[in-house]
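Please open the model in your viewer and keep the sequence panel visible beside it. The tour below proceeds by selection, one stop after another.

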Amino acid sequence: MKNILLSIFPLLILFSCNLITKEPETIDGKIIKALKENNVPSLSIGVIKKGKIDLLKGFGNISRADSTKVNEYSIFQIASQSKMFTGIIVRNLLKEGKLNLNEPITTYLPDGIQGKNKTRLKKIKLKNLLNHTAGLSRDGFSIYRDRVEGEAWRNGYPRTKLIDDINNIELETEPGKTFQYSNSGYAVVGLICENVSGLKFEELLKKYVTKKYDLKNTVINLDTQQQKMFVTPYKKTERVIETQASLMGMATPASAIYSNANDLTKILYEQINAYRENEIQNPLFLTNQTSKMDEGLHYGFGLIEETKGDNIKYGHGGDADGFACEYFFNPKKNIGVVLLTSSGGSWVGELANEIMEDLK
């Protein structure tokens, strides 16, 4: 009997240990594990749970050479998440009557567009640019075409060059027919917003977004203090090699706004409430007109709607090699998550999805 008990006792200890290890992994644990597995030094997170900001936190250091800790105020470039802010600006200009979604874009383009190209461009309506059905290629404009993969764009993109690219647009599909994600299209949207408002895009961002929602570090250009809060980016193919933020000029509305977890979680909170109340006139409501991306996926004005049964999730994100951003929310469940990292890759979206699942 004694021998039997001695044999069983280690099994009881092992079973007890297994029970402990099967405890649900915490959000902190998931993040620490993901950063280690993917060799990424920096991440910031914001979480909304039960309609309240539940978590704002940073992980890692501001760079591999600087031991300053990352927090919710640390600044990252947000890549294509910038399109959501452009969509919000457009919604405001629509509300003011300065834009009409069904007008041909030639109505709003500035001088400098060649007459022979206007016939082609007249086929494109403003809503086509916003929901990626304009027939433009993904990265057809020179700023994207000339970029070396894996390298930051540091040459800017002046207005004159954007006008040249618009004059040389080649349509891949008939406007309004096919979804084709296009960074170039949102550069044109930014130009149109400037032209009808008489304001630079940076001024539009301040007027309609950052002042209204108190987003102090959502900017196009970093000031001296913000530069100290800026996180060093690393190539996603070689994560020990530093890269730089991209200087996108007139393509900033598509790809190059700066922000942090604190600011993005603030506007996420406001956006969840707008969707919960079905405030379709609210400029934060970006999916009252959409195009079909795929089964269960529709694209609005810088926001994607994903439907699975009666469950609807919204979001966007961005990946610019040295930076990645994920921004998800489910208004019915009153939850949302923001992730910002200093190196891109598919792991960021996977981590955001895991965290969203934990919030249910």
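Begin by selecting lysine 50, which is exposed, because its relative accessible area is 69% and the cut-off for that class is over 50%. Bear in mind throughout that this is a predicted model. Lysine 50 sits in the loop that joins E1 and E2. Display its backbone: phi is near 55°, a positive value in a residue that is not glycine. Most residues other than glycine have a negative phi.

Move next into strand E2 and select isoleucine 53. With 40% relative accessibility, isoleucine 53 counts as partly exposed. Show the surroundings of isoleucine 53: apart from neighbours within four places in sequence, its contacts are Val47, Ile48 and Thr265. Then draw a C-alpha to C-alpha distance from isoleucine 53 to valine 337; the viewer should give 9.7 Å, although 284 residues separate the two in sequence.

Now select helix H2, residues 27-38. Its twelve residues reach 16 Å from the first C-alpha to the last, close to the 16 Å expected at 1.5 Å a residue. Colour Ile27, Lys30, Ile31, Ala34, Leu35 and Asn38, which are the buried residues of H2. Why do these residues line one face of the helix? Looking down the axis of H2, one sees the buried residues fall within an arc of 125°, and so they line one face. Turned away from that buried side is a face carrying the exposed residues Ile32, Lys36 and Glu37. To see what covers the buried residues, add strand E1 (42-49), strand E2 (52-60) and helix H13 (347-358), which are among the covering elements. Finally, step past the end of H2 to asparagine 39, where phi is positive, near 55°.

The next selection is helix H3, residues 82-95. Its end C-alpha atoms are 21 Å apart, which agrees with the 20 Å that 14 residues should span at 1.5 Å a residue. Is H3 largely enclosed or exposed? Twelve of its 14 residues are buried, so H3 is largely enclosed by the rest of the structure. The buried residues include the charged-side-chain positions Lys83 and Arg91, as well as Met84, Phe85, Ile88 and Ile89. Just after H3, select glycine 97, which takes a positive phi of about 80°.

Continue to histidine 132, in the loop between helix H5 (126-130) and helix H6 (142-145). Histidine 132 has a positive phi near 60°, again in a residue other than glycine. In contrast to the exposed lysine 50, histidine 132 is buried, with a relative accessible area of 2%.

For the last stop, show helix H7 (residues 159-167) together with helix H8 (residues 183-197). Their axes come within 11 Å and cross at roughly 120°, and the crossing is left-handed. Display the side chains that make the contact: Arg159, Leu162, Ile163 and Ile166 from H7, with Ala187, Val188, Leu191, Glu194 and Asn195 from H8. By class, this contact comprises six nonpolar, one polar and two charged residues.

While H7 is in view, select asparagine 167, which belongs to this helix. Asparagine 167 counts as buried, at 9% relative accessibility. Beyond its neighbours within four places in sequence, asparagine 167 is in contact with Gly112, Ile113, Gln114 and Asn117.

Technical notes. Residues numbered from 1 in each chain as written. Predicted model: local features only at pLDDT ≥ 70, side-chain atom pairs only at ≥ 80, totals over all residues. Heavy atoms only, no water. Helix = DSSP H or I, 4+ residues; strand = E, 2+ residues; numbered from the N terminus. Expected span 1.5 Å × (residues − 1). Buried < 20%, exposed > 50% of the residue type's maximum accessible area, 1.4 Å probe, protein only. Arc of directions from axis to C-beta. Contact = heavy atoms within 4.5 Å. Axes fitted to C-alpha atoms, helices over the stretch in contact; angles between N-to-C directions. Left-handed = near helix turned anticlockwise from the far one by under 90°.
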